[in-house]
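Welcome! Have a look at the structure below, then work through the exercises at your own pace.

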Amino acid sequence: MFKDSFKYYKARQPAPDLKDVIDVHNSDNKNVRKITVFAADCQNDLSLYLGLKPVEGWSAFDFINIPGLLFIKNPFTPSGQRNWIVKCLKNYTKKPNILNIDAHGFLNDDKTWWDESFGAASKTDLLAKLRWATLGYHHNWDTKHYAENFKTEIPQDLKDLTSVFATALGFNKFNAEAAIINYYRMNSTLAGHTDHSEIYLEAPLFSVSFGQTAVFLIGGLKLEDPAHALLLRSGDVVVMSGNSRLRYHGVPRILYGDSAPWESNDQSLGECNDWKRAKSYISEARINLNIRQVLKPGQSAL
Ligand code: OGA
Ligand code: MN
């Protein structure tokens, strides 16, 4: 059952055995099959500005026991990862995006989470309080409904990133209309849930991980169904499509990663201040970009 597995992987005492956690990066894995990625003509131009490796070099998989769930093994270049991590921390935490800390009045109007958390009089408590940001149609955590009058622009780079993933996996005409960025500290969890607020549930949901590693738990359509655990490392992209779109899922545990795919071999470039801050943040945190289409094809408003 989902709840039992969640408890098992969340426990500190005793710490869980990770032997049943599916690790796609482990090549002799019996649970996954390689799938074809489609490289459209203009995709590689986009890839460069999006910090992605050429599409031809990507490895993508599906799961024998989890139909509809797809996985792209880290398609980002090291500098691509650094750019996206900085964007998630510096750019996407600015207005008009909405943050969990907005409701608490910690930030005065002209102040940003980034400046206040890492500035001269840095506030470590504020740094740790950031849990989520919403973009586009803002997820309403109470009603779980999107509303036409509670919507701002999705950044073009985020739309382009998701379009490249969609096209590569054969989903044409995906439109990024809502995004949640989840910020996890090492002791954070995300309780089991389904994402069913979108009107057009035929569209896949894209989930991109950065920073430390997660144990991601995915069950069935009912809480009683058994769950599978998988390891998500920095750069990995998970796609919930078809039969897996409405499955229960959650994050019972964050683990320190066994590699740092945001580091380049080429250190000659030096490190700018933004990256220094972001690097210190990510050493004790995970970021998840969760991107959805809300509307039906052809629909222009809710
Ligand atoms: C979500 C979600 C999973 C993750 O934001 O709805 O399920 O890997 N995130 O953080
Ligand atoms: Mn979810």
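Which loop holds Pro-14? Keep in mind that you are looking at a predicted model.

**Exercise 1. Place Pro-14 and describe the peptide bond before it.**

Step 1. Go to helix H1 (2–10) and strand E1 (32–35): Pro-14 lies in the loop between them.

Step 2. Now look at the bond from Gln-13 to Pro-14, which is cis, with omega near 0°.

Step 3. Put this beside the general rule: most residues other than glycine have a negative phi, and most peptide bonds are trans.

**Exercise 2. Describe the surroundings of Pro-96.**

Step 1. Pro-96 belongs to the loop between helix H3 (78–91) and strand E4 (98–99).

Step 2. The peptide bond that joins Lys-95 to Pro-96 is cis, with omega near 10°.

Step 3. Is Pro-96 buried or partly exposed? Its relative accessibility is 47%, so Pro-96 counts as partly exposed.

**Exercise 3. Study phi at Lys-144 and at Lys-173.**

Step 1. Begin with Lys-144, in the loop between strand E5 (132–136) and helix H6 (156–168). Phi of Lys-144 is near 65°, a positive value in a residue other than glycine.

Step 2. Move on to Lys-173, in the loop between H6 and strand E6 (178–185). Here, too, phi is positive, near 65°.

Step 3. Check the accessibility. Lys-144 has 35% and therefore counts as partly exposed. Lys-173 has 81% and so counts as exposed.

**Exercise 4. Find the residues that hold the manganese ion (ligand 2), and say why two of them link separate parts of the chain.**

Step 1. List the donors: His-193 (NE2), Asp-195 (OD) and His-249 (NE2) coordinate the manganese ion at 2.1 to 2.2 Å.

Step 2. Write their spacing along the chain, which is H-x1-D-x53-H.

Step 3. Locate the two histidines. His-193 is in strand E7 (residues 190–193) and His-249 is in strand E12 (residues 249–255), so the pair ties together parts that are 56 residues apart in sequence.

Step 4. Apply the cut-off for buried, which is under 20% relative accessible area. His-193, at 19%, therefore counts as buried, and so does His-249, at 4%.

**Exercise 5. Examine the contacts of ligand 1.**

Step 1. Which residues surround ligand 1? Among them are His-193, Asp-195, Phe-216, His-249 and Arg-286.

Step 2. Collect some polar contacts. An oxygen atom of ligand 1 lies 2.7 Å from a polar side-chain atom of Asn-182. For Tyr-184, the distance from a polar side-chain atom to an oxygen atom of the ligand is 2.5 Å. For Arg-292, an N or O atom of the side chain is 3.0 Å from an oxygen atom of ligand 1.

Step 3. Turn to the cover: of the 290 Å² of accessible area that ligand 1 has on its own, the protein covers 97%.

**Exercise 6. Explore the aromatic rings.**

Step 1. How many aromatic pairs does a search of the whole structure find? The search finds 13.

Step 2. Take Tyr-8 and Tyr-9, an edge-to-face pair with 5.0 Å centre to centre and 80° between the planes. Tyr-8 is partly exposed at 40%, whereas Tyr-9 counts as buried at 8%.

Step 3. Look for a cluster: ring pairs link Trp-58, Phe-76, Phe-165 and Phe-210.

Step 4. Finish with charges over rings. The charged end of Lys-87 sits over the ring of Trp-84, 3.9 Å from its centre. The charged end of Lys-129 sits over the ring of Phe-106, at 4.7 Å from the centre.

Terms used
Residues are numbered from 1 along each chain as its sequence is written. Chains are lettered from A and ligands numbered from 1 in the order in which they are written. This is a predicted model: local features need pLDDT of at least 70, side-chain atom pairs count only at pLDDT 80 or more; totals for chains, interfaces and linings use all residues. Side-chain values use heavy atoms; hydrogens and water are left out. Donors are N, O and S atoms within 2.8 Å of the metal (3.2 Å for Na, K and Ca); water is not among the atoms, so sites may look incomplete. Helices (H or I, at least four residues) and strands (E, at least two) are DSSP runs, numbered from the N terminus. Buried means under 20% relative accessible area, exposed over 50%, partly exposed in between (1.4 Å probe, protein chains only). Rings of Phe, Tyr and Trp (its six-membered ring) pair if their centres lie within 6.5 Å; planes under 30 degrees apart count as stacked, over 60 as edge-to-face and the rest as tilted. A charge sits over a ring if NZ of Lys or CZ of Arg is within 6 Å of the ring centre and within 35 degrees of the ring normal. A residue is near a molecule or strand if one of its heavy atoms lies within 4 Å of it. A polar contact is a pair of N or O atoms within 3.5 Å; within protein, one must be able to donate a hydrogen and the other to accept it, and residues adjacent in sequence count only if both atoms are side-chain atoms. Accessible areas come from the Shrake-Rupley method with a 1.4 Å probe; for residues, only the protein chains shown count as cover.
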